[in-house]
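The exercises below take up interfaces, helical spans and salt bridges in turn. Each task is followed by a solution that proceeds step by step.

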Amino acid sequence: MRLRDNYQKAVKQFQPKPPYVVNSLKAFVSGGLLCVLGEALKKWYINGFGVSQEVAEHWMMLTVISLAILLTGIGMYDTFSQFAGAGATALLSGFANSLVSAAMEHRSEGWVSGVANHMFKIGGAAIVYGIVVAYVLGVVYYIM
Amino acid sequence: MKLVGKQTWVFEDVYLQATGTAVGPFEADGPLGEHFDVAYRNLYCGEKTWELAERRLMKEAIEVCLQKGNITMDEMDVFLAGDLLNQNVTANYTARELPFPFLCMFGACSTSMETLAVGAALVDGGFARRALTATSSHNATAERQFRYPTELGVQKPKSATFTVTGAGAALIGRKKGRFRVAAATIGRVIDAGLKNLLDMGSAMAPAAAHTIEQHFLDLHRTPVDYDLIVTGDLSRVGSIILKELLMEAGYDVTTNYNDCGLMVYRPDQATFAGGSGCACCAVVTYGYLLKEMEKGTIQRMLVVATGALLSSTMIQQNESIPAIAHAVVIEAVRG
Amino acid sequence: MEYWIAFLVGGFVCGIAQLMIDRTNFSQIHVIAGLVSAGAILGALGWYDRLVDIAGAGALLPMSGFGFLLVKGIWSYGAEHGWMGIGTGIFQFVGLELSFAIVLSFFTALICKPRG
């Protein structure tokens, strides 16, 4: 079959396929290790500081967010994401990265119309869908 | 009649008198690094924002070009320029400081050859004695406009291209120089129906193939008439597709074909499928290929700059990517 | 043992998300929004709560945990306040993380420039 007769389909043989298995494995291991780090932090907060489980979970999430924001600030998070893929972006750290990266990128447009306006450019999707879905479920729960 | 065939303009005596190039750190570090006139060690180029950095690159390229051509600003008749940013801001704001008329052009990554072709036509038609063309692109400005914030963690596929940070300027005139702008083929917009923003090579290859075939038809030439046929930024993916498309049309370009996006970076430079952007074709052609021509390794070359005419809004509205390609023939002048 | 479960559960979610990004036309933003919605639905069914008990951080750190915490807030607040719990309770658990991330992002943007 000639390439030009059926370009949209025939061109696929020339396009590099993402290495599905390797990418997923990388995401699995990096994401898993980040969660182990979170679990270790939680244990440390409970045993070392004597806080309750719920408080320790909050502290753990705040630590992960701070770490992600710090790494983004010094320009290392995007390098990590290129390796880990969803292992870096599908976690809470990826959400923090999306907020701070957008805020940093638009600081050149000023503090209100730049940083504040654009902060949720990427991360907003997670918040909007989370709230809409949770709200609808809440309404259903209340009615029932 | 200067129009030959359907889409090709043949110029009588128009010369590329001088060129200037300015690049960022990745390009300076690449295999062609030594051939560029100005190289910055930092992506900000000593400016405060990415946009200002791009503007500085274009300004530097123009200054070097005029200096090399030994021409003052007052002797220039027209300035043709374009870039990738919305409303062509880099070109417009650079032109603000130039005391001669300005025509803004947008052809996405094909702008380098679009401005060169139109500039040559203006000079050949007697509408200008000397024309200055320039184009620029910047990795971070393109990234934040077309994709995501630069620091956002995104995993890019192998088909993605890496926008070249740089600018190229060229001075065209009637005075005999070392390089002749012999002909130009203006491309048609070809939409292959592809939608992947991270695979521009596949989207632009049909446009490049169409322009090259039309060029051969119009001038009754074949690939062997050229020492080098070079495309702008088809990258690793698109250049293979282009070769296949041309082979189907009966043109074998396997021995004398190359792509600027593949020449500008080393394979180990984490640039995915290769370079792209307006500056890609401009800096490689004006910086490196003309030097090769001067040495005598190339006598006649066909430079095909390819452009994907998309905007992120259109992509989000599920439109496909229209593409265009403009070709210019540059010949070495002997003696 | 808890570490292993956290590793497997967290890794599994990331692996699936990666496959979705690679194999479908969805971008990572779509996939993350999907994860949050899935977490909220599983939370409403009461399944995610059990997963958090077993996997701890492995279930809380993926973005599905964010959706779960939104629902958990509505449920626990709504038990006392009825329908008002929907709007008020939604931020009960995530409010801490969300406001912290916003404030810290703002001040980081004060100091740091993007590096490209």
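A polar contact is a pair of N or O atoms within 3.5 Å; within protein, one atom must be able to donate a hydrogen and the other to accept it, and residues adjacent in sequence count only if both atoms are side-chain atoms. The model to which this is applied is a predicted one.

**Exercise 1. The interface of chain A and chain C**

Task: Describe how chain A and chain C meet, stating how many residue pairs are in polar contact across their interface and which element of chain A gives the most to the side that touches chain C.

Solution.

Step 1. Begin with the extent of the interface, where 67 residues of chain A are in contact with 66 residues of chain C. Between them the two chains bury about 5,800 Å², and 78% of this area is on carbon and sulfur atoms. On the side of chain A, the three residues A:Y20, A:F28 and A:R107 supply 10% of the area that this chain buries against chain C, which is more than any other three residues supply.

Step 2. Turn to the polar terms. With both residues required to be at pLDDT 80 or more, the rule finds 10 residue pairs in polar contact across the interface of chain A and chain C. One salt bridge is found across this interface, and the side chains of A:K43 and C:E2 meet in a salt bridge with an N to O distance of 3.2 Å.

Step 3. Assign the contacts on chain A to elements. Those that give two or more residues to the side touching chain C are α2 (20-49), α3 (53-73), α4 (77-84), α5 (86-89), α6 (92-105), α7 (111-118) and α8 (124-143) of chain A. Of these, α2(A) gives the most, with 17 residues. Sorted by class, the side of chain A that touches chain C has 45 nonpolar, 14 polar and eight charged residues.

**Exercise 2. A lysine with two acidic partners**

Task: Explain why A:K43 and A:E39 are separated by about one helical turn.

Solution.

Step 1. Establish the pairing: the side chains of A:K43 and A:E39 meet in a salt bridge at 3.3 Å, N to O. The side chain of A:K43 also meets that of C:E2 in a salt bridge.

Step 2. Use the positions in the helix. Because A:K43 and A:E39 are four residues apart in helix α2 of chain A, about one helical turn separates them.

Step 3. Place the pair in context, since a search of the whole structure finds 24 salt bridges over all chains.

**Exercise 3. Annotated spans in chains A and C**

Task: State what UniProt annotates as "transmembrane region" in chain A and in chain C, and set the computed helix content of some of these spans beside the annotation.

Solution.

Step 1. For chain A, the unreviewed UniProt entry gives the annotation "transmembrane region" to residues 20-38, 59-77, 83-102 and 122-143. Residues 83-102 of chain A are 85% helix and 0% strand, with end C-alpha atoms 21 Å apart, while residues 122-143 of chain A are 91% helix and 0% strand, with end C-alpha atoms 33 Å apart.

Step 2. For chain C, the unreviewed UniProt entry places this feature at residues 29-48, 60-78 and 90-112. Residues 29-48 of chain C are 90% helix and 0% strand, and their end C-alpha atoms lie 22 Å apart; residues 90-112 of chain C are 74% helix and 0% strand, and their end C-alpha atoms lie 32 Å apart.

Step 3. View chain C as a whole: this chain has seven helices and zero strands, and its C-alpha trace spans about 50 × 35 × 35 Å along the principal axes.

**Exercise 4. Two domains in chain B**

Task: Determine how many residues of each domain of chain B are in contact with the other domain, and which residues meet in a salt bridge with B:R266.

Solution.

Step 1. Chain B is divided into domain 1 (3-173) and domain 2 (182-332), and the C-alpha centres of these domains lie 17 Å apart.

Step 2. In this pairing, 55 residues of domain 1 of chain B are in contact with 56 residues of domain 2 of chain B. The two domains bury about 4,700 Å² between them, 66% of it on carbon and sulfur atoms.

Step 3. The rule finds one salt bridge across the interface of the two domains of chain B; the side chains of B:R266 and B:D29 meet in a salt bridge at 3.8 Å, N to O. Across this interface, 23 residue pairs are in polar contact, both residues being at pLDDT 80 or more.

Notes:
Residues are numbered from 1 along each chain as its sequence is written. Chains are lettered from A and ligands numbered from 1 in the order in which they are written. This is a predicted model: local features need pLDDT of at least 70, side-chain atom pairs count only at pLDDT 80 or more; totals for chains, interfaces and linings use all residues. Side-chain values use heavy atoms; hydrogens and water are left out. Domain bounds come from an automatic or database domain assignment. Contact means heavy atoms within 4.5 Å. Buried area is the accessible area (1.4 Å probe) that two parts lose on being put together, summed over both. A salt bridge is a side-chain nitrogen of Lys or Arg within 4 Å of a carboxyl oxygen of Asp or Glu. Ala, Val, Leu, Ile, Met, Phe, Trp, Tyr, Cys and Pro count as nonpolar, Asp, Glu, Lys and Arg as charged, and the others, Gly among them, as polar. UniProt positions are given in the numbering used here, feature names are shortened, and annotations may be inferred rather than shown by experiment.
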